[in-house]
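Work through these exercises with the structure open beside you. Try each task before you read its solution.

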Amino acid sequence: MTSELEAGSWKRTLPTFTDYLWFNTKNRQEFVCITDEVAAIVQKSGVTDGIALVSAMHITSGVYVNDWEDGLIQDFQVWLEKLAPAGLPYKHHQTGEDNADAHLKRTIMGHQVVVPITKGRLDLGPWEQIFYAEFDGRRKKRVIVKVMGT
Amino acid sequence: MTSELEAGSWKRTLPTFTDYLWFNTKNRQEFVCITDEVAAIVQKSGVTDGIALVSAMHITSGVYVNDWEDGLIQDFQVWLEKLAPAGLPYKHHQTGEDNADAHLKRTIMGHQVVVPITKGRLDLGPWEQIFYAEFDGRRKKRVIVKVMGT
Amino acid sequence: MTSELEAGSWKRTLPTFTDYLWFNTKNRQEFVCITDEVAAIVQKSGVTDGIALVSAMHITSGVYVNDWEDGLIQDFQVWLEKLAPAGLPYKHHQTGEDNADAHLKRTIMGHQVVVPITKGRLDLGPWEQIFYAEFDGRRKKRVIVKVMGT
């Protein structure tokens, strides 16, 4: 057996697995818990030890990890409105857009997380939940989930 | 030799390595430099080229990379108090919690970093240091370090 | 063939690939689109499915993903000046430095992104562009690009 054949077989067996989550939120701003959806993709991938990259593919939405508590989610939204208000005379709006604040808000929250996988499961702390944060919704948008490991 | 055996041997030899750092800070808010601890885990892993995911497993602490300079650390803390003050009437506090600001502060700092590994060492710039940022301490909390590579 | 030889051949064939981008901006603050440079490194790596870590190696610059629209870039810069103003009496400046605001600004924007690679290309959404954000330029600084996958 040549090393070339080995390389081929290695390539065949390295588990990288890619899937996409689609969103079309009813409201312009909406936070959606996606922990279960990410866990299902990791299970489908067969990877039992590694990482899952969960990354928004649009620039006015984010992905973050925090608590699944409705009051806190409201606190986040009030806070983001204070730090990055809608309705200011943003230069971006001279292009016809009206969503500059959505770009800024998603920057605060982050647009991606890398989730560790151990023993076949998402290796999350007791209160960690993965969220999709939509800041300019009411249309189809995607999140990529790329799983890598062994 | 069948490809199944090869897959088995590949799985045996792909270095993924997982460890956890524990913290129990004296103060509610405390920043701890963890570069050496992460480097030690990478060395133990045997991985000489790849990445180390360093990620807080609790939702009121963060992990970030920046300068190890006491004045700057104070600047960060003053700044975070301005952007995400404690003591506001957060909705999260209606659950009995008093730490909504800690969730917001850790969001600004980030909750994880991915550190590159090259030639057996953390591939960091001259001033880069890895920090654990505690915003609701005085109890046991964890950071996961997941190493992947070759 | 022993499993040791297999391990050796596996190590030889796992594509991890590392390169560095150098910057020396004319202005103290400058945002530079680096999507093409990252794509070129990924192509050179031969990795067709995996991830590319793109990470600033200096602590007063960042790497982020967002829109390549000049008005929005100006909005980001005005916004960062409001959230993390230059010229305040930062403690960090007692060391002789004058760039504490640059450390804070880069923290808002993030210092690294992990870019998914699928079918030989950066797996980015329609408007996603990768940016280098310099907040204390006019000198040589680096970004590491570490590619991993199959």
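Axes here are lines fitted to C-alpha atoms, for helices over the stretch in contact, and angles run from 0 to 180 degrees between N-to-C directions. Keep in mind that this is a predicted model.

**Exercise 1. Place helix α2 of chain B against the strands it lies across, and give its angle to β1(B).**

Solution.
- Find the helix: α2 of chain B covers residues 35–45.
- List the strands beneath your line of sight: α2 lies across β1, β3, β5, β6 and β8 (141–149) of chain B.
- Read the angle: the helix runs at about 150 degrees to β1(B).

**Exercise 2. Work out the strand order of the five-stranded sheet in chain B.**

Solution.
- The sheet is open, and its order is β1-β8-β3-β5-β6.
- Its strands pair in antiparallel fashion.
- Now find the edges. β1 (16–23) and β6 (121–122) of chain B each pair on one side only.
- Zoom in on one pair. Strand β3 (residues 50–56) and strand β5 (residues 112–118) of chain B are joined by six bridges.
- Pick one position: B:A52 has B:V115 as its bridge partner in β5(B).

**Exercise 3. Which rotation superposes chain C on chain A, and which residue of chain C comes closest to its axis?**

Solution.
- The rotation is 120 degrees, with 0.0 Å of shift along the axis. The RMSD is 0.0 Å.
- That is the relation of a three-fold axis.
- C:I108 comes closest of the residues of chain C, its C-alpha lying 3.6 Å from the rotation axis.

**Exercise 4. Is helix α4 of chain C buried or exposed?**

Solution.
- The cut-off for buried is under 20% relative accessible area.
- Apply it to residues 100–109: 10 of the 10 residues of α4 of chain C are buried, so this helix is largely enclosed by the rest of the structure.
- Charged names are on the list too: C:D101, C:K105 and C:R106 are among the buried residues.
- Just after α4(C), C:G110 has a positive phi of about 95 degrees.

**Exercise 5. Find the residues with the most contacts inside the largest nonpolar core.**

Solution.
- The core has 57 residues.
- A:I108, B:I108 and C:I108 have the most contacts inside it.
- Follow B:I108. Its contacts include A:W79, A:L83 and A:I108 in chain A, and C:T107 and C:I108 in chain C.
- Within chain B, B:I108 touches B:W79, B:L80 and B:L83.

**Exercise 6. Describe the contact between chain C and chain A.**

Solution.
- Count residues: 40 come from chain C and 35 from chain A.
- The buried area is about 3000 Å², and carbon and sulfur atoms give 64% of it.
- On the chain C side, C:D75, C:W79 and C:T150 lose the most area to chain A. Together they make up 18% of what that side buries.

Terms used
Residues numbered from 1 in each chain as written. Chains lettered and ligands numbered in written order. Predicted model: local features only at pLDDT ≥ 70, side-chain atom pairs only at ≥ 80, totals over all residues. Heavy atoms only, no water. Core = buried A, V, L, I, M, F, W, Y, C linked by side-chain atoms within 4.5 Å. Buried < 20%, exposed > 50% of the residue type's maximum accessible area, 1.4 Å probe, protein only. Contact = heavy atoms within 4.5 Å. Pairing = 2+ DSSP bridges. Helix = DSSP H or I, 4+ residues; strand = E, 2+ residues; numbered from the N terminus. Least-squares fit on C-alpha atoms with pLDDT ≥ 70 in both. Buried area = accessible area lost by both parts, 1.4 Å probe. Lists of a residue's contacts leave out its neighbours within four places in sequence.
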